[in-house]
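Here are my notes on the chain, set out as numbered points to be read beside the coordinates. I begin with one charged side chain and work outward from there.

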Amino acid sequence: MAGENAEPSSILPENQNKAAVKVLYEALGSNDVERVTGLLATDLEWWFHGPQNCQHMMRVLTGESDQNEFRFEPRSITAIDDRVIVEGWEGAQAYWVHVWTLKDGLITQFREYFNTWLTVTDLIGHQSPTLWQSRPQDLANRSLPGLVLAI
């Protein structure tokens with residue numbers, strides 16, 4: 001019968017990765033350090049694009065500051081293969097995009113982008129490229145530099 005060998009969507013790797021990243025943000029919001037560290041690889045690779053004073057996630061994950069300094073509240077979460085793209089904004093002060101890469105349920109790479117219009121193109125493993133574009137709130141009142149990211 002057609003579709004018998006298809007994986008149920010609830011256990012597809014993309015959905016598992018998306019769920020893991022949702023758990024990460026919930027753990028960050030409740031200051032559950034043990035849960036956060038359980039989701040991160042010990043050799044986490046880190047990338048940052050934006051003003052140096054906006055490395056909020058790095059300070060939270062390293063314990064340099066707590067979640068109260070800057071609240072990461074995702075507005076959208078999208079999974080593309082082994083990556084999960086999370087978009088959010090904090091009032092009028094900051095717009096951010098996080099790109100998390102997961103392997104075997106652990107976050108192995110983190111890319112953080114602050115105050116930039118981001119377009120993500122996935123060229124690996126697809127016959128036609130997958131495209132995701134950021135949707136910053138209130139674009140009429142601010143100018144954000146554009147950035148294209150190929151993953």
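1. R35 is partly exposed in this predicted model, because its relative accessible area of 36% falls between the 20% limit for buried and the 50% limit for exposed residues. Its side chain meets that of E26 in a salt bridge, with 3.7 Å from N to O, and E26 is itself partly exposed, at a relative accessible area of 48%.

2. R35 is also in contact with V23, which, once neighbours within four places in sequence are left aside, touches R35 and L39. V23 has its place in helix α1 and is partly exposed, with a relative accessible area of 25%. The C-alpha atoms of V23 and L39 are separated by 8.7 Å, although the two residues are 16 apart along the chain.

3. How many salt bridges does the structure hold? The count is three, and besides the pair of E26 and R35 there is one between the side chains of E73 and R75, at 3.8 Å from N to O, and another between those of D82 and R83, at 3.0 Å. E73 counts as partly exposed at 35% relative accessibility, and R75 likewise counts as partly exposed at 40%. In the pair of D82 and R83, by contrast, D82 is partly exposed at 29%, whereas R83 counts as buried at 17%, because that value lies under the 20% limit.

4. For the overall layout, the chain has three helices and eight strands, which follow one another along the sequence in the pattern α-α-β-α-β-β-β-β-β-β-β. Of its 151 residues, 40% count as buried, and the chain exposes about 8,400 Å², of which carbon and sulfur atoms supply 51%. Among contacts with a separation of 6 or more, 54% come from residues 24 or more positions apart.

5. The largest nonpolar core has 26 residues, and those with the most contacts inside it are Y25, L28, M57, F72, V86 and W100. At least two residues of this core are supplied by each of α1, α2 (33-39), α3 (56-61), β2 (76-80), β3 (83-90), β4 and β5 (106-114), with α1 giving the most, namely six residues. Apart from this core lies another, of seven residues, which include Y95, V97, V99 and Y113.

6. W100 deserves a separate look: leaving out residues up to four places away in sequence, W100 touches V21, L24, Y25, M57, L61, D82, R83, V84, V86, I107, Q109 and F110. Both partners of the salt bridge between D82 and R83 are thus found in the list of residues that W100 touches.

7. The aromatic side chains merit a point of their own, and the count comes to five aromatic pairs. The rings of Y25 and W96 are stacked, because their planes stand at 20°, under the limit of 30 degrees, with the centres 6.2 Å apart. This pair links distant parts of the chain, since Y25 is in helix α1 (residues 13-29) and W96 in strand β4 (residues 94-103), 71 residues apart. Y25 and W96 are both buried, and they belong to one aromatic cluster formed by Y25, W46, F72, W96, W100 and F110.

8. A last point concerns a charge placed over a ring: the charged end of R111 sits over the ring of W47, at 4.1 Å from the centre of that ring.

Definitions and conventions: Residues numbered from 1 in each chain as written. Predicted model: local features only at pLDDT ≥ 70, side-chain atom pairs only at ≥ 80, totals over all residues. Heavy atoms only, no water. Helix = DSSP H or I, 4+ residues; strand = E, 2+ residues; numbered from the N terminus. Buried < 20%, exposed > 50% of the residue type's maximum accessible area, 1.4 Å probe, protein only. Contact = heavy atoms within 4.5 Å. Areas by Shrake-Rupley, 256 points an atom, 1.4 Å probe, with all protein chains shown as cover. Phe/Tyr/Trp six-rings, centres within 6.5 Å; stacked < 30°, edge-to-face > 60°. Lys NZ or Arg CZ within 6 Å of the ring centre and 35° of its normal. Core = buried A, V, L, I, M, F, W, Y, C linked by side-chain atoms within 4.5 Å. Salt bridge = Lys/Arg side-chain N within 4 Å of Asp/Glu carboxyl O.
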